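Open the model in your viewer and keep the selection panel at hand. The stops below say what to select and what is found there.

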Amino acid sequence: MSELRVLCLGEILFDRLADQPGREIEEVESWTDYPGGAPANVACGLVKLGTPTAFIGCIGEDPVGTELFSVLESAGVETMGVQRHPTAPTRKVYVVRSENGDRAFAGFGDLPADAFADAYLQADALPENLFQVADFLVLGTLELAYPETRKAVFRALEFADRHNVKIVVDFNWRPMFWRDESEARSHIHDLWPYVDFLKMTDEEAQKVFGTEDAGAIVRRLNSVEGVLITAGGDKPVSYCISETEGRVDPFAANVSDTTGAGDAFLAAFLHQLCQRGIACLQNPDMAREIVTYACAAGALTTERPGAIAAQPTAGEVEAFLERHPN
């Protein structure tokens with residue numbers, strides 16, 4: 001555990017991916033389950049790239065939870081921070097796809113959003129020793145939707161501050177996870193003072209800040225070290241890191257499923273920071289190289305279905321970059 005570099009806190013679940021693209025949820029005839037959940041995706045992506053990572057979250061004492069626990073262990077993710085809830089089930093999310101591979105989340109079946117185990121992560125059971133050795137803590141905003149897990153998030157932020165762990169927030173806005181969406185803004189606002197690096201989609205940036213300009217968001221928050229704005233289709237990724245602003249055009253890919261592409265992007269970005277050292281971001285050329293590497297990882301992930309299953313190795317990313325100079 002002494003080599004541990006990154007902690008990912010949040011949900012691990014099954015994405016129930018529609019087998020028939022282009023159909024509404026009522027028209028889908030069959031589904032295929034893929035392990036997912038943004039923080040778990042990032043954790044597995046980091047380990048696959050070669051960066052030791054731990055996952056912190058809560059799953060059910062059910063066969064689904066046991067299967068997901070095995071996914072983490074098989075991937076090589078440190079599981080000391082995984083809690084098991086005795087009665088709440090492990091979450092499954094229905095995901096429909098368009099003909100071109102874009103996905104849309106379509107609910108949790110017959111259960112309300114707060115009925116699942118990941119809503120009950122316990123703050124007093126977080127292992128502080130993980131924070132003593134890590135460099136980065138990755139989390140999203142979904143965990144803020146539930147009182148118990150929200151307490152755990154802010155306990156984790158206390159540990160991170162105590163042990164000089166950088167905070168990376170993947171905004172990951174999903175209204176269906178909130179019982180009362182009107183509460184989201186105030187809880188998310190409480191998170192901003194802790195953030196060192198922020199990743200958002202262009203739609204999320206527009207919704208929250210009224211702009212897709214990464215530099216403008218850095219100046220608005222006035223405390224972050226970097227902002228990354230990803231976008232779908234042929235729109236470039238924009239970034240502002242250590243006062244360096246830039247854009248990286250997306251790579252062409254044979255898209256099968258876009259689920260998890262943003263998570264692979266973030267995993268690759270952090271992997272590069274762990275490899276090169278955070279001071280490298282002061283160099284504008286290196287900052288651009290790191291974002292380009294992350295874009296390549298995201299593009300590769302779209303070429304296979306699922307999120308965790310589709311993630312590339314470091315060798316695959318490097319080979320892709322050799323074939324597709326950007």
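The tour of this predicted model goes through two sheets, the nonpolar cores and a cavity.

**The sheet of 9 strands**

Begin with the open sheet whose 9 strands follow the order 5-4-1-8-9-10-11-12-13, with mixed pairing. Select strand 5 (78–85) and strand 13 (244–248): these are the edge strands, and each has a single partner strand, so one side of each lacks a neighbour in the sheet. Averaged over the sheet and ignoring direction, neighbouring strands are turned by 15 degrees against each other.

Stay at one edge and add strand 12 (residues 237–241), which runs antiparallel to strand 13 and is joined to it by 5 bridges. To find the register here, pick I241; T244 in strand 13 stands opposite.

**The sheet of 4 strands**

Next, select the open sheet of 4 strands in the order 3-2-6-7, again a sheet with mixed pairing. Its edges are strand 3 (31–36) and strand 7 (103–105); each has a single partner strand, so one side of each is left without a neighbour in the sheet. In this sheet the average turn between neighbouring strands is 35 degrees, direction ignored.

Strand 6 (residues 92–97) pairs with strand 7 in the antiparallel sense over 3 bridges. Within that pair, V96 is opposite A104 of strand 7. Now show helix 2 (residues 63–75), which packs on the sheet and touches strand 2 (13–18), strand 3 and strand 6. The direction of helix 2 makes about 100 degrees with that of strand 2.

**The nonpolar cores**

Which members of the largest nonpolar core touch the most other members? Select L7, F131, L137 and L198, out of 60 residues in that core. Helix 4 (residues 147–162) contributes the largest share, 7 residues. A second core, separate from this one, has 53 residues, among them F55, V237, A268 and A297.

Centre the view on F131. Beyond its neighbours within four places in sequence, F131 is in contact with L7, I56, L137, A156, F159, A160, H163 and V165.

**The largest cavity**

The last stop is an enclosed space. There are 3 cavities of 30 Å³ or more, and the largest holds about 60 Å³ of space. To outline the largest cavity, select E11, A38, P39, V42, V138, L139, G140, T141, L142, E143, D170 and N172. Helix 1 (38–49) and strand 8 (136–139) each supply at least two residues of this lining. Helix 1 gives the most, with 3 residues.

Key. Residues are numbered from 1 along each chain as its sequence is written. This is a predicted model: local features need pLDDT of at least 70, side-chain atom pairs count only at pLDDT 80 or more; totals for chains, interfaces and linings use all residues. Side-chain values use heavy atoms; hydrogens and water are left out. A nonpolar core is a set of buried Ala, Val, Leu, Ile, Met, Phe, Trp, Tyr and Cys residues joined through side-chain atoms within 4.5 Å. Buried means under 20% relative accessible area, exposed over 50%, partly exposed in between (1.4 Å probe, protein chains only). Contact means heavy atoms within 4.5 Å. Two strands pair if DSSP finds at least two bridges between them. Axes are lines fitted to C-alpha atoms, for helices over the stretch in contact, and angles run from 0 to 180 degrees between N-to-C directions. On a 1 Å grid over the protein atoms alone, a cavity is a set of points where a 1.4 Å probe fits but cannot get out, and a pocket is an open set with protein on both sides within 12 Å along at least five of seven lines; lining residues have an atom within 4 Å of a point. Grid points are joined across faces, edges and corners, and a volume is the space filled by probe spheres set on the points.
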